[in-house]
Amino acid sequence: MSAATDFTHAIVRAPSASVTDGLRAVDSGTPDADRFAGDHAAYVAALGAAGAEVIALPALEEFPDSVFVEDAALCLPEGAVVMRPGAPSRSGEAAAVAPALRKVYGRVETVMDGFIEGGDILVTDREILVGLSARTDAAGVAALRAIVEPWGHTVRELATPPDVLHFKTDCGLLDGDTVLATERLAASGCFSEYRVIPVEPGEEPCANCIRYNGVVLFPAGFPMTAARLRDAGYDLVELPNEQAALIDGGMSCLSLRFTPS
């Protein structure tokens with residue numbers, strides 16, 4: 001089993017009606033709140049079918065981006081870490097998720113310095129990769145390292161490609177040794193010790209996928225990369241993500257996946 005891909009639980013947060021006001025790097029349109037809710041329900045159902053005990057948190061109207069609960073925390077086998085989001089409008093989301101974490105974890109720590117978001121963190125079986133971005137800075141990485149290294153984890157700081165929102169915008173963990181990645185991220189050499197399956201050129205948004213137990217939750221609409229993954233032996237569950245993508249969201253953003261200590 002892999003602590004990075006095999007889990008028992010997931011935390012999700014319902015999308016709010018205010019999700020239409022979510023942050024976006026490029027304005028490609030406004031998400032439809034009702035369609036977003038339907039897509040989110042399909043995502044939650046897929047987690048449940050994959051074996052997750054899903055903890056569903058209520059919508060937070062004051063935080064339009066709070067459906068992207070992954071940015072607010074990091075869940076590890078030894079404990080949970082409450083993040084410090086780099087977007088000012090999201091600063092209250094971390095405190096809002098902390099009570100749910102304390103119900104399932106005996107150890108919950110909080111990043112107090114710098115800024116760091118879960119979308120910039122890729123946990124593998126051998127290390128924790130953290131990409132510096134507009135939302136995550138070196139002080140935030142250092143604060144995370146100070147918390148998790150005593151738990152036995154190694155943190156490796158990397159650079160997120162220019163104009164890419166989060167490190168995991170361009171990658172997803174498929175198993176303990178394999179990463180799906182865009183060519184621009186793989187070219188940086190950050191995955192030199194892993195097997196990399198490249199995203200088909202033109203299908204870069206599908207890089208953000210997640211492995212939950214035996215299946216890969218994968219955004220629908222990227223047939224070339226989907227075929228490549230199936231040919232490599234992965235069991236894909238394709239899910240609608242058009243509404244979340246309008247506000248820079250992907251598969252990993254929508255949940256915290258973990259086995260509590």
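The lining of the largest cavity comprises five nonpolar residues, one polar residue and five charged residues. This cavity belongs to a predicted model. The nonpolar members are Leu23, Phe68, Leu165, Ile247 and Cys253. The charged members are Asp65, Asp71, Arg90, Arg135 and Asp248. His166 is the polar one. Together these residues line a space of about 80 Å³.

Two cavities of 30 Å³ or more occur in the structure. The second largest has a volume of about 40 Å³. Its lining is formed by Phe36, Asp39, His40, Tyr43, Pro240, Asn241, Ala244 and Leu254. Here the division is five nonpolar, two polar and one charged. Phe36, Tyr43, Pro240, Ala244 and Leu254 make up the nonpolar part. His40 and Asn241 count as polar, and Asp39 is the charged residue. Helix α1, residues 33–49, gives the most to this lining. The contribution of α1 is four residues. Such spaces are revealed by rolling a probe the size of a water molecule over the atoms.

The loop between β1 (9–13) and α1 contains Asp27. Asp27 counts as exposed because its relative accessibility is 63%, over the 50% cut-off. A polar atom of the Asp27 side chain lies 3.1 Å from the backbone nitrogen of Gly29. Asp27 was also compared in position with Gly92. The two residues are 65 positions apart in sequence. In space, their C-alpha atoms are 24 Å apart.

An open sheet of three strands was also identified. Its strand order is β9-β10-β11, and the pairing is mixed. Strands β9 (171–175) and β11 (195–198) form the edges, each pairing on one side only. On average, neighbouring strands of this sheet are turned by 30° against each other, with direction ignored. Strands of a sheet pair through backbone hydrogen bonds, in either a parallel or an antiparallel arrangement. For β9 and β10 (residues 178–181), the sense is antiparallel. Four bridges join this pair of strands. Within the pairing, Gly172 has Leu180 of β10 as its bridge partner.

Notes
Residues are numbered from 1 along each chain as its sequence is written. This is a predicted model: local features need pLDDT of at least 70, side-chain atom pairs count only at pLDDT 80 or more; totals for chains, interfaces and linings use all residues. Side-chain values use heavy atoms; hydrogens and water are left out. On a 1 Å grid over the protein atoms alone, a cavity is a set of points where a 1.4 Å probe fits but cannot get out, and a pocket is an open set with protein on both sides within 12 Å along at least five of seven lines; lining residues have an atom within 4 Å of a point. Grid points are joined across faces, edges and corners, and a volume is the space filled by probe spheres set on the points. Helices (H or I, at least four residues) and strands (E, at least two) are DSSP runs, numbered from the N terminus. Buried means under 20% relative accessible area, exposed over 50%, partly exposed in between (1.4 Å probe, protein chains only). A polar contact is a pair of N or O atoms within 3.5 Å; within protein, one must be able to donate a hydrogen and the other to accept it, and residues adjacent in sequence count only if both atoms are side-chain atoms. Two strands pair if DSSP finds at least two bridges between them. Axes are lines fitted to C-alpha atoms, for helices over the stretch in contact, and angles run from 0 to 180 degrees between N-to-C directions.
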